[in-house]
Amino acid sequence: MGISIGPVTLESPVVLAPLSGITDAPFRRIARREGAALVVSEMIASHAVLQATRRQLKERRKMLADHVAEAPVAIQLAGCDPSLMAEAARVAEGAGARLIDINFGCPAKKVVNQYAGSALMADEVTAGRIMAATVAAVSVPVTVKMRLGWRRDQRNAPAIARIAEESGIAMVTVHGRTRDQGYGGSADWAGIRTVREATGLPLLVNGDITSIESARRALAESGADGVMVGRGACGRPWFLAELAAALTGHPLPPAPSAERRCAIATEHYEGLLLHYGRDLAKTLARKHLAWYLQHLQGGDAWRQTLLREENPERVLALLPRVFGLDALPEAA
Ligand SMILES: Cc1cc2nc3c(=O)[nH]c(=O)nc-3n(C[C@H](O)[C@H](O)[C@H](O)COP(=O)(O)O)c2cc1C
């Protein structure tokens, strides 16, 4: 079940979703190795890419380099001005992006109020201009991620998908909720079938895929070619490889041992420390630690100790014990 996005062929139909503040470079590196055929950067505003270009070449290079370390990577851009999006896409391509993804799905007020993200689903003309301008600006494939529509009674994802196809877009991902649903209720995978019927483009189904069983159902109900998984991979990136094996008819990899889970959590924590520096990393890491605990039998008992620990070295020293591997390290 290979998916071809222009010249980029995915080795499995499993893609890691962009989650701002979560699927950063350290997480994406692990997710890629652990089974995601493609990872997508957190959303970057087109004007932010360009301001950085003008202001600080070095900073811009670092920002984009962070996003392309785990090839193949799609850099996701958000914006409402076709020419700025085109220019930002060129910069992203120049920095090594294998694909450019356009965000038409973000429901956050600060994005929607700037008339970007899912707001563009309410304006098909501008959405079309953005897609056409971006496709024309780069030689790498351009993809689009959207919701089912702006409102429950305005599910225009099929119309946008048709415009996408006419504009030269190479793949569409649909999160099975409308903008006004936020993250409430559950994803309507069957609703995505309307997009399947509207376009022959490769299609990914997204939303609430947390098990092999739900992935199979999402694919069957939507008719999509592959799945995009976000929250379902948090605290257990190895789920991506299990999913990839199941969906491609391969035997499931053995469940990761406690040693392996601990090694991945440790690598993740160390990656965050390196990427963000101690102060920011230890705050950002808490939600990841909480997810690792959530997927660990008996993990709850460690919540207070681990999540309240302020000293990163103590956190790292505690992890083997948390995963049931080691005696407590000597007191700091
Ligand atoms: C905290 C958070 C941040 C997100 N950031 C982005 C983003 O930067 N770009 C984007 O297209 N979608 C973003 N999303 C939406 C996800 O990519 C995805 O569509 C949604 O979470 C449903 O998939 P899931 O149930 O597999 O997580 C975000 C979602 C969450 C919960």
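Q: On a 1 Å grid over the protein atoms alone, a pocket is an open set of points where a 1.4 Å probe fits, with protein on both sides within 12 Å along at least five of seven lines. Where does the ligand sit in this predicted model?
A: This is a predicted model, where local features need pLDDT of at least 70, side-chain atom pairs need 80 or more, and totals for chains, interfaces and linings use all residues. Residues are numbered from 1 along each chain, and side-chain values use heavy atoms, without hydrogens and water. A molecule sits in a pocket if more than half of its atoms lie within 2 Å of its grid points. For this ligand, that place is the largest pocket.

Q: Which residue has a polar side-chain atom 2.5 Å from an oxygen atom of the ligand?
A: Let's look at pairs of N or O atoms within 3.5 Å, called polar contacts. Met43 uses a backbone N or O atom, 3.2 Å from a ligand oxygen, and Asp208 offers a polar backbone atom at 2.7 Å. The side-chain contact at 2.5 Å belongs to Asn206.

Q: How many salt bridges does a search of the whole structure find?
A: Look for a side-chain nitrogen of Lys or Arg within 4 Å of a carboxyl oxygen of Asp or Glu. Asp180 pairs this way with Arg152, their closest N and O atoms being 3.6 Å apart. Another salt bridge joins Asp153 and Arg151, at 3.0 Å. The whole search finds 14.

Q: Why does Asp153 count as exposed?
A: Exposed means over 50% relative accessible area, buried under 20%, and partly exposed in between (1.4 Å probe, protein chains only). Its partner Arg151 is partly exposed because its value is 34%. Asp153 counts as exposed because its relative accessibility is 58%.

Notes
A polar contact is a pair of N or O atoms within 3.5 Å; within protein, one must be able to donate a hydrogen and the other to accept it, and residues adjacent in sequence count only if both atoms are side-chain atoms. On a 1 Å grid over the protein atoms alone, a cavity is a set of points where a 1.4 Å probe fits but cannot get out, and a pocket is an open set with protein on both sides within 12 Å along at least five of seven lines; lining residues have an atom within 4 Å of a point.
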